[in-house]
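Subject: Structure for you to look at

Hello,

Here is the structure I promised. Please open it alongside this message; my notes follow below.

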Amino acid sequence: MNSAKVILVTYPDNFSLQEAQSLVESSSPSMSPHPQVVKVFTQKYLNHSRYGLGSGKAEEIKEFVKQSKADQIVVDEHLSPKQIHNLEKLTEAQVIDRERLILNIFHSRATTIEAKLQIELAEVKYEMPRVRENAKLTSGSTERAGKGGMGEYTVDVKFRDLKRRMTFIKKKLADAHTKRELYRQQRLKTKMPIVSLIGYTSSGKTTLFNLLTSENKEISSSLFTTLSTTTRSFRIDNNEKQEKESSLLLIDTVGFISRLPHYMIDAFKSTLQESLAADLILLLIDASEKFEDIKIKFKSCWNVLDELKVDKSKVFVILTKCDGVIGLSERIDNIANDLSVSNPITISSKTGYGIHKLKTMIAHNLYSQSLSGEEYSTKVKTVPEEGAYIVAAADPHT
Ligand SMILES: Nc1nc2c(ncn2[C@@H]2O[C@H](COP(=O)(O)OP(=O)(O)OP(=O)(O)O)[C@@H](O)[C@H]2O)c(=O)[nH]1
Ligand SMILES: [Mg+2]
């Protein structure tokens, strides 16, 4: 198969390296031919004014592009239009920044009308500040470029087009939201409690969703497999009520990622809000990963919850993918300590381990009047405002 040669520029830590590589791989359906990372360059800082990366490194990359005939340079950070332009001019290869890369993945994977609109909104928001800047750069002048036939500047026309597009998409999204709200109201009338699954992308949300609801939604090791929200009912034993079983609604939705720009969270707000308004929110953490990665991902999720002003008292931490973990109990203790979570529920959606306990925990927290059950707490004990571990876990690049 034909492959596009990609040079990846990222930070010199394993987390960034692996995540950036996964992002490039996950973008393959949107990038034809298939992207292949032929070389990785690392930089401690990607905020140098001219190219994002330092000038010396930019020259090195230019030489490498010449030798390898690489097609694309992916820079794992947000770059300004000017930085992209400068780097493209120097290296003569196409430059894609982290935001564009994530947008490309979203673009190629969106299937529902609402998800498509949300991504288009994010794309318009990405483009808007770039229109004027790009026109200046490509015209090579600092004057406003390209006078239009009717006395309007081309740039202004483009800008206005984008603005109009944005208004149109927002209106369509509002319509979709109204429909969704109607469904939500209907569901509320059934008085079925709502449980939602949230977490970092690829933490195993859909796999657990499929297991609990007998659904068959797509799962994959690629990032951002799920982009829209699905709600299905599932049943749990309910000893707390005098009934044998109770029906609940379970929501699966888009995952989080570190360094997600604010406008992308914004674009997905209505989708996420439905999840975050649930009676119980299960925050899935992949326990099979390295401690450092777990902490960074946990912090990213927590930040999004903060940003969207979620009531943390209904957030329960669930450690997933425990089937692959060697020395499980010691590891769980360490993660619980590090994340300051009491009695985390540990599960494997692959083997079914812990699923009964998870359901019991859900029933207990939804129905029990006597909430003494420390056994089922699985919550973050100290709300991490500026807590020690959160500082320790701070994303090195923010
Ligand atoms: N070993 C193991 N793998 C799992 C488990 N749960 C999920 N996985 C794998 O983890 C990967 C991601 O699973 P998904 O369910 O697609 O994750 P997600 O959180 O829905 O991901 P996005 O939709 O991309 O946000 C897949 O390759 C799954 O097979 C588990 O309990 N054990
Ligand atoms: Mg999913």
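Start with the open sheet of six strands: the order is 6-7-5-8-9-10, and the pairing is mixed. Its edges are strand 6 and strand 10 (345–346). Each of these has a single partner strand, so one side of each is left without a neighbour in the sheet. Helix 7 packs on this sheet. Helix 7 touches strand 5 (194–199), strand 6, strand 7, strand 8 (280–286) and strand 9 (315–320). Its direction makes about 155° with that of strand 7.

Before going on, a caution: this is a predicted model.

Now the pairings within that sheet. Strand 6 and strand 7 run antiparallel and are joined by eight bridges. As a marker, Thr-231 has Ile-251 in strand 7 as its bridge partner. Strand 8 and strand 9 run parallel, with six bridges between them. There, Ile-281 has Val-315 in strand 9 as its bridge partner.

How many of the residues of strand 9 are buried? Six of the six are, so strand 9 is largely enclosed by the rest of the structure. Both of its faces are covered. On one side sit Val-315, Val-317 and Leu-319. On the other sit Phe-316, Ile-318 and Thr-320.

Helix 12 (residues 355–367) belongs in this part of the picture too. Its buried residues are Leu-358, Met-361, Ile-362, Ala-363 and Asn-365. The cover over them includes strand 5, strand 6, strand 8, strand 9 and strand 10. The helix has 13 residues, which should span 18 Å at 1.5 Å a residue. Its end C-alpha atoms are 18 Å apart, in agreement with that.

Next, the ligand. Which residues are closest to ligand 1? They are Gly-204, Thr-206, Thr-207, Thr-226 and Gly-255, out of 23 residues that surround it. Helix 7 (residues 205–213) gives the most to this shell, with three residues. By class, the shell has 16 polar, four charged and three nonpolar residues.

Two loop residues deserve a look for their backbone angles. Most residues other than glycine have a negative phi. Ser-214 has a positive value, near 55°. Ser-214 lies in the loop between helix 7 and strand 6 (230–237). Is Ser-214 buried or exposed? The cut-off for exposed is 12 or fewer C-beta neighbours within 10 Å. Ser-214 has 8 inside 10 Å, so it counts as exposed.

Arg-259 also has a positive phi, near 55°. Its place is in the loop between strand 7 (245–252) and helix 8 (262–267). Arg-259 is partly exposed, because 16 other C-beta atoms lie within 10 Å.

There is a second sheet. It is open, with four strands in the order 2-1-3-4 and parallel pairing. Strand 2 (34–42) and strand 4 (94–97) stand at its edges. Each has a single partner strand, so one side of each is left without a neighbour in the sheet. On average, neighbouring strands here are turned by 25° against each other, direction ignored.

Strand 1 (residues 3–10) runs parallel to strand 2, and eight bridges join them. Val-6 stands opposite Val-37 in strand 2. Two helices to check against this sheet come next. Helix 1 (residues 14–26) lies across strand 1, strand 2 and strand 3 (72–75). It runs at about 155° to strand 1. Helix 4 (residues 98–109) packs on the sheet, touching strand 3 and strand 4. Its direction makes about 85° with that of strand 4.

Then there is helix 6 (residues 154–189). It has 36 residues and reaches 52 Å from its first C-alpha to its last. That is close to the 52 Å expected at 1.5 Å a residue. Its buried residues are Val-155, Ile-169 and Leu-173. After helix 6 comes Lys-191, with a positive phi near 60°.

Last, the overall figures. The protein has 13 helices and 10 strands. Of its 398 residues, 38% are buried. Take the contacts between residues at least 6 apart in sequence: 70% of them join residues at least 24 apart.

Best wishes

Definitions and conventions. Residues are numbered from 1 along each chain as its sequence is written. Chains are lettered from A and ligands numbered from 1 in the order in which they are written. This is a predicted model: local features need pLDDT of at least 70, side-chain atom pairs count only at pLDDT 80 or more; totals for chains, interfaces and linings use all residues. A residue is buried if 20 or more other C-beta atoms lie within 10 Å of its own, exposed if 12 or fewer, and partly exposed in between; C-beta atoms are placed from the backbone. Two residues are in contact if their C-beta atoms, placed from the backbone, lie within 7 Å. A residue is near a molecule or strand if its C-beta atom, placed from the backbone, lies within 6 Å of it. Ala, Val, Leu, Ile, Met, Phe, Trp, Tyr, Cys and Pro count as nonpolar, Asp, Glu, Lys and Arg as charged, and the others, Gly among them, as polar. The expected span of a helix is 1.5 Å times one less than its number of residues. Two strands pair if DSSP finds at least two bridges between them. Axes are lines fitted to C-alpha atoms, for helices over the stretch in contact, and angles run from 0 to 180 degrees between N-to-C directions.
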